[in-house]
Amino acid sequence: MAVTLHINGSATLVEANSDIPLLWVLRDQLGLTGTKYSCGIGVCGSCMVLLDGVPEKACRIKTAECVGKSITTIEGLAEQTDHPLLKTWLELQVPQCGYCQSGQIITAYALLSEKRDPTADEIDQAMSQVLCRCGTYPRIRQAILQASESMSAKEQSS
Amino acid sequence: MKPFNPERRAFLKKSALSAGSALVLGIAWSGEIVAATDTEPSFKPNAWLKIDTDGVVTLYIAESEMGQGPFTSLSMLIAEELEVDWQKVRVEHAPLDPAYGFQGTGGSRSVRRNWKTLREAGAVAKQMLLTAGAESLKAPIDRCQAHQSRITHISSSKSVSYGELVGRAAEMPIPKNVKLKHHKNYKLIGTPVTRLDLADKLNGKARYGIDIKLPGMVYATIAQSPVFGGTTKHFNGAEIKRRAGIIDCFDIGEGVVVVAKSTWQAFQARKALKIEWHEGKTAQLNSDNIIQRLSGETSEKPSLILERGDAMARLNSARNPIASEYRLPFQAHMTPEPMNCTVGVEDGQYSIWAPTQSPTSAKASAVKALKLLVPQATEAELEARIEIVTPLLGGGFGRRIKQDYVTQAVKIAHRLKRSVQLVWPREEDVQHDHYHPLTQHRLRGSLDEAGNPQAWHHRITGLQSSKYGADTLPYDIPHVRVEMLRLDSPVPIGPWRSVSNHYNAYAIEHFFDELALAGGQSPLELRLKLLTEPRLKAVLHKAAEAASWHQQDQRRLLGCAVHSSFGSHVAEIVELIRLDDQNLKLGKITCVIDCGTAINPDTIKAQLEGSVIYALSAALKPPISLKNGRVEQHNFHDSPILSFKETPPIEVIITNSQLDPGGVGEPGVPPLAPALANALLSAHGKPVIDLPMELNGTS
């Protein structure tokens with residue numbers, strides 16, 4: 001069954017037979033390999049994408065259910081190169097192996113979009129959805145705090 | 001950077017890469033296949049670097065980039081001597097070539113074994129550029145200097161760029177002896193240079209093994225026997241082949257393979273497999289009976305690892321000997337990218353994209369697999385038909401030293417005669433790892449009248465265990481005996497970040513605290529008194545200062561541990577905060593390393609933060625266990641790792657020194673678990689004899 005998905009701002013025709021999760025349509029059909037397979041059971045968060053702005057694990061969403069919704073993957077999000085989150089992420093040299101980082105960035109972006117100045121507890125809750133085996137957590141925390149500060153400063157100055 | 005273009009498969013036509021030939025292929029970390037043609041003029045003085053006419057400097061790194069940073073730290077070594085504009089540096093995994101020697105990344109060796117070689121490679125190239133530049137500027141060479149990718153005649157300020165000198169430099173004789181810089185003149189080494197692999201790790205463009213897609217490629221997955229060593233008796237292959245999208249289903253010995261038009265179809269078909277296994281003897285195996293075998297009495301003679309004085313006699317005559325027994329369980333690696341391998345097949349040639357820690361071993365495994373399938377071919381013929389390309393690795397931690405996924409992918413590709421990608425689902429990855437071994441440690445010690453340790457006896461009993469980390473006791477104790485009984489393992493065992501240092505340091509450092517407390521001494525003060533390695537003593541001293549060791553009370557409890565491994569010396573202090581009678585919580589963790597010359601301090605800091613978190617997962621989370629010959633865990637839900645909110649603050653301090661660099665990827669792991677156990681010992685007065693540790697409800 002061919003369906004049209006709205007991915008990173010463009011309408012894209014894909015094959016969505018049976019219950020195929022969005023993850024595999026992104027990776028195998030569309031070559032959007034920034035969204036990663038790691039656990040396949042919605043536990044590790046490496047496949048996080050934005051569905052109408054809300055972070056969702058692409059290995060657990062059926063493709064057919066994404067029709068009519070706006071999907072943003074890391075490739076789409078990364079186009080905002082001057083976003084404070086991406087800047088601090090680079091500045092603090094957060095990634096190590098980098099494999100989970102799309103999931104981390106997508107989740108942190110959603111958190112800051114919803115709340116410019118999240119509490120430590122809110123950061124804990126949001127970011128504990130994505131596992132990192134290299135242990136980049138301390139830098140992720142710092143990057144979120146720093147991005148939040150610079151976003152607030154920008155708001156005040158404008 | 002050009003986009004990934006799998007059609008550009010020049011590598012296949014260039015497959016006869018031989019020693020001494022120019023570097024013709026590689027894969028950039030962004031996935032771009034690089035095939036420099038011989039017609040493009042460039043300056044390639046050695047296997048490590050190439051300068052093009054536009055001034056772009058390409059560095060070929062022969063260590064696997066799995067997050068630990070060799071792309072950057074090794075590039076810094078070349079660039080330091082080459083005097084190159086860092087903005088013009090790009091980096092790639094080197095192809096597999098004898099010019100690089102054995103290509104295998106492990107043992108925190110990347111910087112140590114390249115320290116001299118790569119600086120010399122840079123210095124040789126700089127010398128040739130200087131000679132060429134002086135000639136071009138018609139200036140005496142001793143009045144010219146190399147700086148920021150230019151050769152400048154100092155007095156006239158006339159200069160010429162490296163790019164412009166490419167043709168002329170290539171004609172220059174290769175200097176035999178080059179002088180390396182004095183450390184006072186370093187410009188890059190010791191500075192927190194931004195990693196060269198970061199940008200594409202932020203935008204989804206970084207290509208890992210699992211992201212490789214070849215033209216016409218099909219997707220394979222595997223179901224291996226849940227019981228180690230089991231073989232297939234019968235499976236519903238015909239039924240599986242009738243499923244939509246399934247191309248083939250067959251047994252390759254290691255398990256049943258499903259080949260499909262997509263990963264999802266392959267994964268779903270794997271779940272629908274009904275396989276009967278010949279389970280074999282291992283089916284009787286449980287963690288409990290392995291533990292019994294390790295703790296039981298045996299007539300087998302252990303091998304002697306370290307002896308001084310007469311520990312046994314002292315212990316036998318000691319009035320109050322102290323004895324303890326610790327056990328460290330199986331651990332999985334849980335690399336974020338599951339095992340996978342992609343094989344391109346064209347005209348009988350195999351190009352293998354292997355996210356491996358050792359391209360050399362990957363090739364050997366591929367040759368071995370093909371030799372069994374094509375016995376008439378000679379090894380040399382098979383070698384000429386195999387190309388290994390190393391993409392980025394989504395974590396390694398020792399797991400990718402093993403090449404089982406490469407062997408399987410080659411077998412599948414040979415049978416299909418077409419390009420194929422093998423991906424293990426996470427469940428296969430957890431159940432078919434090469435695990436951190438289960439080890440048992442029996443320790444006995446005695447004290448002299450002043451309460452100082454006098455005798456020490458450590459017996460390691462472990463599955464394929466190793467002595468490293470226990471072969472030198474860092475303390476001045478007069479009577480010492482360390483021995484090991486190494487048993488065969490029915491479970492695959494492999495190197496796991498810091499290898500045997502993890503379990504051996506645990507035993508030594510936790511028992512040291514037991515002895516110190518039995519003698520009424522402060523574990524910190526006694527260490528500072530007895531440590532024989534001044535560098536280890538210095539890092540402990542610094543850690544104690546940073547963690548405010550002397551400010552301890554009933555609410556704030558600290559534990560410390562030290563360990564030297566992979567050429568570096570580390571001290572760690574774990575803080576526990578008492579919440580109430582029953583519960584403790586992790587406070588700050590302090591980590592001090594002396595790794596000699598610190599190449600890229602920011603990478604070192606990242607490696608130590610990561611090591612602490614990696615070791616905390618092993619200390620606090622459920623380990624791997626066996627029942628009926630099967631690993632009982634399946635995925636991240638039952639083989640968990642530390643999460644964001646469970647991670648305490650970590651302070652890393654790097655001490656400065658001009659000594660040769662030590663390793664940094666692993667030395668931060670071993671001291672963590674004993675430091676935490678020592679803090680718990682201080683809280684509860686009881687040693688921690690088994691992992692995982694419990695912070696709650698154990699007062």
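Contact here means heavy atoms within 4.5 Å. The model is predicted.

**Exercise 1. The interface**

Task: Determine how many residues chain B and chain A each bring to their contact, and which three residues of chain B supply the most buried area.

Solution:
- Step 1. Count the residues. Chain B gives 59 and chain A gives 47.
- Step 2. Take the area. The two chains bury about 4300 Å² between them, with 59% of it on carbon and sulfur atoms.
- Step 3. Rank the contributors on chain B. Leu202(B), Trp264(B) and Phe644(B) supply 22% of the area that chain B buries against chain A, more than any other three residues.
- Step 4. Look for charge pairs. There are 4 salt bridges between chain B and chain A. One of the salt bridges joins Arg139(A) to Glu609(B), with the closest N and O atoms 2.9 Å apart.

**Exercise 2. A salt bridge inside chain A**

Task: Explain why the pair Arg141(A) and Asp124(A) ties together separate parts of chain A.

Solution:
- Step 1. Check the distance. The closest N and O atoms of Arg141(A) and Asp124(A) are 2.7 Å apart, and the pair forms a salt bridge. The cut-off is 4 Å.
- Step 2. Place both residues. Arg141(A) lies in helix H6 and Asp124(A) in helix H5 (residues 120-127) of chain A, so the salt bridge links parts that are 17 residues apart in sequence.
- Step 3. Set the pair in context. Over all chains the count comes to 40 salt bridges.

**Exercise 3. Two helices of chain A**

Task: Describe how helices H4(A) and H6(A) cross, and classify the residues that meet.

Solution:
- Step 1. Fix the geometry. The axes of H4 (residues 101-114) and H6 (residues 137-157) of chain A come within 11 Å and cross at roughly 35 degrees. The crossing is right-handed.
- Step 2. List the residues. H4(A) brings Gln104(A), Ala108(A), Leu111(A) and Leu112(A). Their counterparts in H6(A) include Tyr137(A), Ile140(A), Ile144(A) and Met151(A).
- Step 3. Sort by class. The contact of H4(A) with H6(A) has 8 nonpolar, 2 polar and no charged residues.

**Exercise 4. The sheet of 7 strands**

Task: Find which strands stand at the edges of the open sheet of 7 strands in chain B.

Solution:
- Step 1. Write the order. It is S12-S13-S10-S20-S17-S18-S19 (chain B), with mixed pairing.
- Step 2. Read the ends. Strands S12 (246-251) and S19 (386-389) of chain B each have a single partner strand, so one side of each is left without a neighbour in the sheet.
- Step 3. Add the turn. Neighbouring strands of this sheet are turned by 20 degrees against each other on average, direction ignored.
- Step 4. Inspect one pair. S17 (residues 340-346) and S20 (residues 420-423) of chain B run antiparallel and are joined by 4 bridges. Val343(B) has Val420(B) as its bridge partner.
- Step 5. Add the helix. H10 (residues 359-373) of chain B packs on the sheet and touches S18 (349-353) and S19 of chain B. The direction of H10(B) makes about 145 degrees with that of S19(B).

**Exercise 5. Backbone exceptions**

Task: Say where Pro692(B) and Met334(B) lie, and what marks their backbone.

Solution:
- Step 1. Recall the norm. Most residues other than glycine have a negative phi, and most peptide bonds are trans.
- Step 2. Take the proline. The peptide bond from Leu691(B) to Pro692(B) is cis, with omega near 0 degrees. Pro692(B) lies in the segment after helix H18 (672-684) of chain B.
- Step 3. Take the methionine. Met334(B) has a positive phi, near 50 degrees. Met334(B) sits in the loop between S16 (322-328) and S17 of chain B.

How values were computed:
Residues are numbered from 1 along each chain as its sequence is written. Chains are lettered from A and ligands numbered from 1 in the order in which they are written. This is a predicted model: local features need pLDDT of at least 70, side-chain atom pairs count only at pLDDT 80 or more; totals for chains, interfaces and linings use all residues. Side-chain values use heavy atoms; hydrogens and water are left out. Two strands pair if DSSP finds at least two bridges between them. Axes are lines fitted to C-alpha atoms, for helices over the stretch in contact, and angles run from 0 to 180 degrees between N-to-C directions. A crossing is left-handed if the near helix is turned anticlockwise from the far one by less than a right angle, and right-handed if clockwise. Ala, Val, Leu, Ile, Met, Phe, Trp, Tyr, Cys and Pro count as nonpolar, Asp, Glu, Lys and Arg as charged, and the others, Gly among them, as polar. Buried area is the accessible area (1.4 Å probe) that two parts lose on being put together, summed over both. A salt bridge is a side-chain nitrogen of Lys or Arg within 4 Å of a carboxyl oxygen of Asp or Glu.
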